[in-house]
Amino acid sequence: AYKSVYVGDKETNNKAEYSGLYEGLLCAIENNITRLHVKGDSNLVIKQMKGEYKVKSENILRIYQDTHKLCEQFEEITFEHVYRKDNQRADQLANLGLEI
């Protein structure tokens, strides 16, 4: 399954990355997935979700909190950074979201 969501005219890339993660987690929950391995090309988002970096930006604090709360619904959830060149489908969907 895939989904593109318009996040707004003047939103940051980090906000868009979190929006994608949030929507993906919702989809996994709706499909009764209890164990999840998330691969993402935003090193910042992955490190924040792993607790390695603090969230300092007010712009993403709320969606980070909401996303973190969704993670509590999984028995197991892990995060892995992948390079953008290895995540081409996500790039395609991100570009589609810019057109909505």
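Contact is defined here as heavy atoms within 4.5 Å. Helices (H or I, at least four residues) and strands (E, at least two) are DSSP runs, numbered from the N terminus. The structure is a predicted model, in which local features need pLDDT of at least 70 and side-chain atom pairs count only at pLDDT 80 or more, whereas totals for chains, interfaces and linings use all residues. Residues are numbered from 1 along each chain as its sequence is written, and side-chain values use heavy atoms, with hydrogens and water left out.

Helix α3 comprises residues 58-71, 14 residues in total. From its first C-alpha to its last, α3 reaches 20 Å, close to the 20 Å expected at 1.5 Å a residue; the expected span is 1.5 Å times one less than the number of residues. At the N-terminal end, α3 is capped by Ser57, a side-chain oxygen of which lies 3.2 Å from the backbone nitrogen of Asn59. A polar contact is a pair of N or O atoms within 3.5 Å; within protein, one must be able to donate a hydrogen and the other to accept it, and residues adjacent in sequence count only if both atoms are side-chain atoms.

Accessibility was classed by relative accessible area: buried is under 20%, exposed over 50%, and partly exposed in between (1.4 Å probe, protein chains only). The buried residues of α3 are Ile60, Ile63, Tyr64, Thr67, Leu70 and Cys71. Their cover includes α1 (13-30), α2 (43-49) and β2 (76-81).

Aromatic pairs were sought among rings of Phe, Tyr and Trp (its six-membered ring) with centres within 6.5 Å; planes under 30 degrees apart count as stacked, over 60 as edge-to-face and the rest as tilted. One such pair was found in the whole structure. Tyr18 and Tyr64 meet edge-to-face, at 6.1 Å centre to centre and with 85° between the planes. Because Tyr18 belongs to helix α1 and Tyr64 to helix α3, the pair ties together parts that are 46 residues apart in sequence. Both tyrosines, Tyr18 and Tyr64, are buried.

Salt bridges were assigned where a side-chain nitrogen of Lys or Arg lies within 4 Å of a carboxyl oxygen of Asp or Glu. By this rule the count is five. One of them joins Glu76 to Arg35, with the closest N and O atoms 2.9 Å apart. This pair links distant parts of the chain, as Glu76 lies in strand β2 and Arg35 in strand β1, 41 residues apart. Glu76 is partly exposed, at 40% relative accessible area, and Arg35 is exposed, at 52%.

Within helix α3, Arg62 and Asp66 also form a salt bridge, at 3.6 Å from N to O. Being four residues apart, Arg62 and Asp66 are separated by about one helical turn of α3. Arg62 is exposed, at 58% relative accessibility, whereas Asp66 is partly exposed, at 29%. Elsewhere, salt bridges that share partners join Arg35, Glu75 and Glu76 into one network.

Two members of this network recur in the surroundings of Thr34, a residue of the loop between α1 and β1 (35-40). Leaving aside neighbours within four places in sequence, Thr34 is in contact with Phe74, Glu75 and Glu76. Thr34 and Phe74 are 40 residues apart in sequence and 4.7 Å apart in space, C-alpha to C-alpha. Thr34 is partly exposed, with a relative accessible area of 34%.
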